[in-house]
Amino acid sequence: MPVAKRFSFSLRAVLVALTALAAFSSPVYADSGSISFRVIKAGFVVGGSGGDGTLSFQGKRYSLGIGGISYGFTFGVSETRFRGTVTNIRRASDVAGVYAAGNAGAALGRGAQAIVLTTPKGAILTLSGSSVGAIVSADLNGLAISVR
């Protein structure tokens, strides 16, 4: 078989394989949803937090569990209610994970907060919230979110 015919045959085989692969593969798109949760934080040097919330994603609602720990200067108690969006997820379980953030602030009575958090999976939470309580903090936080 001449070289030109072998090349033509090989090229056709590769094109057929690529066409078949394209026909059977579907693109995977990341999606977004809305999220709301409350976190109660208390501490004296080492702090703990816990709460619950809801994820609305692709027309369904998912219950969330919130837990966390902080280390640094923390003194007091506060409750914060966050609302926002979660982007870059393909399924509800992509929200689950550990989110890390640094924090410095003080609240006596009511206050406002805004934060953006990410996970190694790529989920991005863009949140704003209001807090109530009496707390002073300059610490590192780890916030764990689980989908129930």
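Is F82 buried or exposed in this structure? In this predicted model, F82 counts as buried, because its relative accessibility is 11% and the cut-off for a buried residue is under 20%. The points below place F82 in its strand and its aromatic pair, then turn to a second aromatic pair, to S78 and to the protein as a whole.

**The pair F37 and F82**

- The count of aromatic pairs in the protein comes to two, and in one of them the rings of F37 and F82 have their centres 5.4 Å apart, with an angle of 40° between their planes, so the pair is classed as tilted.
- This pair links distant parts of the chain, since F37 belongs to strand β1 (residues 31–57) and F82 to strand β2, with their positions 45 residues apart in sequence.
- F37 is buried, with a relative accessible area of 4%, and its partner F82 is likewise counted as buried, at 11%.

**The pair F44 and F75**

- F44 and F75 form an aromatic pair with an edge-to-face arrangement, in which the centres are 5.7 Å apart and the planes stand at 75° to each other.
- Because F44 lies in strand β1 and F75 in strand β2, this pair ties together parts of the chain that are 31 residues apart in sequence.
- F44 is exposed, with a relative accessible area of 61%, whereas F75 is partly exposed, its relative accessible area being 48%.

**S78 in strand β2**

- S78 is a residue of strand β2, which covers residues 60–89, and with a relative accessibility of 9% it counts as buried, because the cut-off is under 20%.
- When neighbours within four places in sequence are left aside, the contacts of S78 are with V39, I40 and K41, and also with V132, G133 and I135.

**The protein as a whole**

- The protein contains one helix and four strands, and, read from the N terminus on, its elements follow the order α-β-β-β-β.
- Among contacts in the protein with a separation of 6 or more, 72% are between residues 24 or more positions apart.
- Of the 148 residues in the protein, 28% count as buried, and the accessible surface comes to about 9100 Å², of which 65% belongs to carbon and sulfur atoms.

Note on methods. Residues are numbered from 1 along each chain as its sequence is written. This is a predicted model: local features need pLDDT of at least 70, side-chain atom pairs count only at pLDDT 80 or more; totals for chains, interfaces and linings use all residues. Side-chain values use heavy atoms; hydrogens and water are left out. Helices (H or I, at least four residues) and strands (E, at least two) are DSSP runs, numbered from the N terminus. Buried means under 20% relative accessible area, exposed over 50%, partly exposed in between (1.4 Å probe, protein chains only). Contact means heavy atoms within 4.5 Å. Accessible areas come from the Shrake-Rupley method with a 1.4 Å probe; for residues, only the protein chains shown count as cover. Rings of Phe, Tyr and Trp (its six-membered ring) pair if their centres lie within 6.5 Å; planes under 30 degrees apart count as stacked, over 60 as edge-to-face and the rest as tilted.
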